[in-house]
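The exercises below concern cysteines, aromatic rings and charged side chains. Please work through each task with the structure open before reading its solution.

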Amino acid sequence: MQFVLLCFLFFPLFGGWEYYHKGHLESLTPLSSLTRDVSTLFFQNSSGQKLGVKNTIIYKPKDNICKKKLLKSYPPFSTLPNGDIIYKAKNPKDAFKISRDIYESGCAIFAHPDFLVFSKKRFFDPLFPQQWNFYNYGQHYSKPDIDLNVYEAWQYATGKGVKVALIDNGFDFSHPDLKGAFSNQIDLVDNDNNASYDNAYEVHGTACAGLIGARKNGVGIQGAAYDAKLIGIKLIGSYPDGSDRALFVSSIVLSFIYANEKGADVINCSWGTYNVADAVRNAIDYVARNGRGGRGTPIVFASGNDGRSQWYWANDESALSSSIAVGAVDNQGELAWYSNYGPALDFVAPSGGGTLKIATDDIVGSLGYADGRFGHPDYCYATDMTGFNGTSAAAPQISGVIALMLERNPDLTRDQIYDILAKTAKKIGDIPYIDGRNDFFGYGLVNAEAAVKEAIRLKVESVVKGHSYEIAGYFSRIGNGKFDWVYVSGSTVAKLAGMDRDGHLLWNPVLNHRYDSINIGSDHILFGKANGFDPLSLENRNLRIDGCFIRYGLGSYDWIYVTPNNQAYKLEKLGYNGNFLWVPLKVRAHREGATIYFER
């Protein structure tokens with residue numbers, strides 16, 4: 001969190017569609033208007049946002065002397081409860097000129113047209129409604145909430161700074177959704193540095209890559225960790241007639257060595273052999289235990305699509321204790337008919353088998369899963385019979401969720417990641433969970449939002465436990481709105497005004513007046529007499545302290561809010577609904593005077 005106090009400087013007037021914003025003249029570009037209301041003009045600002053202007057102005061006098069002076073020349077059409085004055089000009093052009101005159105008089109904290117503004121919309125790539133596996137609200141007769149809560153988790157993380165290796169059968173690097181997604185690549189089939197697919201049968205890797213790292217770029221879909229970097233490792237190949245090329249065990253070993261050497265934080269394997277060799281087991285065990293600088297690398301495997309219990313897949317790579325085995329559930333929350341199950345199954349993720357499949361990227365052109373019959377050959381739609389499917393689609397989604405967790409807490413060990421996923425998973429289905437798991441759903445359906453929040457909690461608590469911090473400021477609520485908070489720190493009094501585009505909190509300072517005293521007690525703030533205009537009417541008021549903030553780091557959100565009953569919350573930025581996001585902490589906190597102590 002960062003406190004941004006609005007200060008105002010004076011600049012000469014050059015005319016035109018200009019107004020003062022944070023003390024600087026801002027120019028607007030007129031837009032042609034199709035509205036029938038000719039009294040409204042529309043403009044575009046330097047950031048591309050659309051604004052409307054009629055003939056009204058909003059301004060705030062600096063003090064009572066200024067207020068008397070301004071009201072003589074610019075009498076109010078109306079006055080807002082906080083003291084802001086609405087003045088009516090003749091037309092939009094006069095609204096610009098007069099607002100500049102008011103500001104340049106030196107008597108106004110701000111003065112600008114009473115803009116018509118448009119609320120921002122949530123931006124998602126156009127095929128996101130197809131991605132029921134990330135956000136299931138019941139589309140296409142699905143059972144709501146049978147999803148990974150990835151949509152909610154994106155409020156906290158997008159995978160930035162995390163590397164995910166995909167060991168698969170080649171990738172379409174030209175796909176619009178995957179351009180710029182890969183940081184490294186290798187082909188262990190032809191032994192070169194080009195991991196592209198060679199024919200129409202090598203399409204699997206592109207679909208898996210899309211589920212993890214398809215960019216949020218205004219086209220197609222979004223991967224679970226759309227800001228993560230991908231490492232493409234082509235291990236599996238096909239001949240032009242569709243027959244499989246055999247694998248050397250040494251090539252499988254090399255794939256894990258390459259992923260580890262290139263710094264993979266997660267490794268996705270939507271394949272298996274049902275006949276894991278000792279050399280492969282040794283390589284997987286080593287990377288799982290020692291990768292990521294000794295913290296261990298999560299290695300995610302698809303459990304397989306034979307619909308068999310573990311007697312059938314007990315010797316598969318996915319059944320290793322060092323692997324994370326992922327099964328599949330359909331859009332009704334039932335175990336997919338093809339999904340392998342048994343004691344080695346760890347988690348499930350959404351896939352086909354019900355009335356929907358999984359939307360993801362396909363190789364460009366009409367030769368992949370999406371053969372062009374449905375009019376979108378570069379993408380698999382969930383509603384298509386040719387959509388992506390199987391536990392192969394389930395595994396990369398979990399790899400993407402782990403990438404979200406590691407963005408917010410890169411210090412997590414492989415075992416901690418596993419424990420968080422197990423502890424936060426949704427318990428679905430009618431089969432009882434014994435000690436948190438069963439053989440059909442493992443520990444349950446992974447919950448990305450809960451897992452990321454738990455990763456954040458552990459990170460923050462590892463920093464603050466056993467330390468004390470001076471209180472930076474106290475908060476009191478003065479209304480029911482989400483920004484109706486007053487912040488007091490020493491002699492500074494400010495009202496929360498919102499948040500800017502960079503995620504910094506904005507504060508309206510209570511300027512040009514002082515209180516002859518501000519007394520902070522154990523549970524209250526007592527304001528004395530105000531010297532000058534008091535827009536918040538705090539004079540002689542006794543406000544209850546609703547909490548205090550401490551700062552534990554230098555980041556914009558390295559702030560912890562502590563309530564009067566010593567419950568601590570990590571501050572996050574605004575969520576989709578415009579409210580602040582909070583991560584509850586379990587560490588015990590207590591206040592002594594102006595200091596907060598966190599127990600070890």
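**Exercise 1. How many disulfides does the structure hold, and which cysteines are joined?**

Solution. The model is a predicted one, and it holds 1 disulfide. The bond joins Cys 66 to Cys 107, with an S to S distance of 2.3 Å, which falls within the cut-off of 2.5 Å for such a pair. The next step is the handedness: the torsion about the S-S bond of Cys 66 and Cys 107 is about -70°, so the disulfide is left-handed. As for its place in the fold, Cys 66 belongs to helix H1 (residues 64-73), while Cys 107 is in the loop between helix H2 (92-104) and strand E10 (108-113), so the pair ties together parts that are 41 residues apart in sequence. Finally, both Cys 66 and Cys 107 are buried.

**Exercise 2. Decide where the nearest cysteine sulfur to Cys 208 lies, and whether Cys 208 is buried or exposed.**

Solution. Cys 208 takes part in no disulfide, and the nearest cysteine sulfur, that of Cys 269, is 10 Å away. With a relative accessible area of 0%, Cys 208 is buried. Cys 269 is likewise in no disulfide, its nearest cysteine sulfur being that of Cys 208, and at 0% relative accessibility Cys 269 also counts as buried.

**Exercise 3. Classify the ring pair of Tyr 135 and Tyr 151 from its geometry, and place both residues in the chain.**

Solution. A search of the whole structure finds 42 aromatic pairs. In the pair of Tyr 135 and Tyr 151, the ring centres are 4.1 Å apart and the planes are at 20°, so the pair is stacked. Tyr 135 lies in the loop between strand E11 (116-117) and helix H3 (150-153), and Tyr 151 in helix H3, so the pair ties together parts that are 16 residues apart in sequence. Tyr 135, at 28% relative accessibility, counts as partly exposed, whereas Tyr 151, at 7%, counts as buried. Tyr 418 and Tyr 443, by contrast, form an edge-to-face pair, with 6.1 Å centre to centre and 90° between the planes. This pair links Tyr 418 in helix H9 (residues 414-424) with Tyr 443 in the loop between H9 and helix H10 (448-464), 25 residues apart.

**Exercise 4. Which rings have the charged ends of Lys 93 and Arg 308 over them?**

Solution. The charged end of Lys 93 sits over the ring of Trp 17, at 4.6 Å from its centre. The charged end of Arg 308 sits over the ring of Tyr 312, at 4.3 Å from its centre.

Terms used: Residues are numbered from 1 along each chain as its sequence is written. This is a predicted model: local features need pLDDT of at least 70, side-chain atom pairs count only at pLDDT 80 or more; totals for chains, interfaces and linings use all residues. Side-chain values use heavy atoms; hydrogens and water are left out. Helices (H or I, at least four residues) and strands (E, at least two) are DSSP runs, numbered from the N terminus. Buried means under 20% relative accessible area, exposed over 50%, partly exposed in between (1.4 Å probe, protein chains only). Rings of Phe, Tyr and Trp (its six-membered ring) pair if their centres lie within 6.5 Å; planes under 30 degrees apart count as stacked, over 60 as edge-to-face and the rest as tilted. A charge sits over a ring if NZ of Lys or CZ of Arg is within 6 Å of the ring centre and within 35 degrees of the ring normal.
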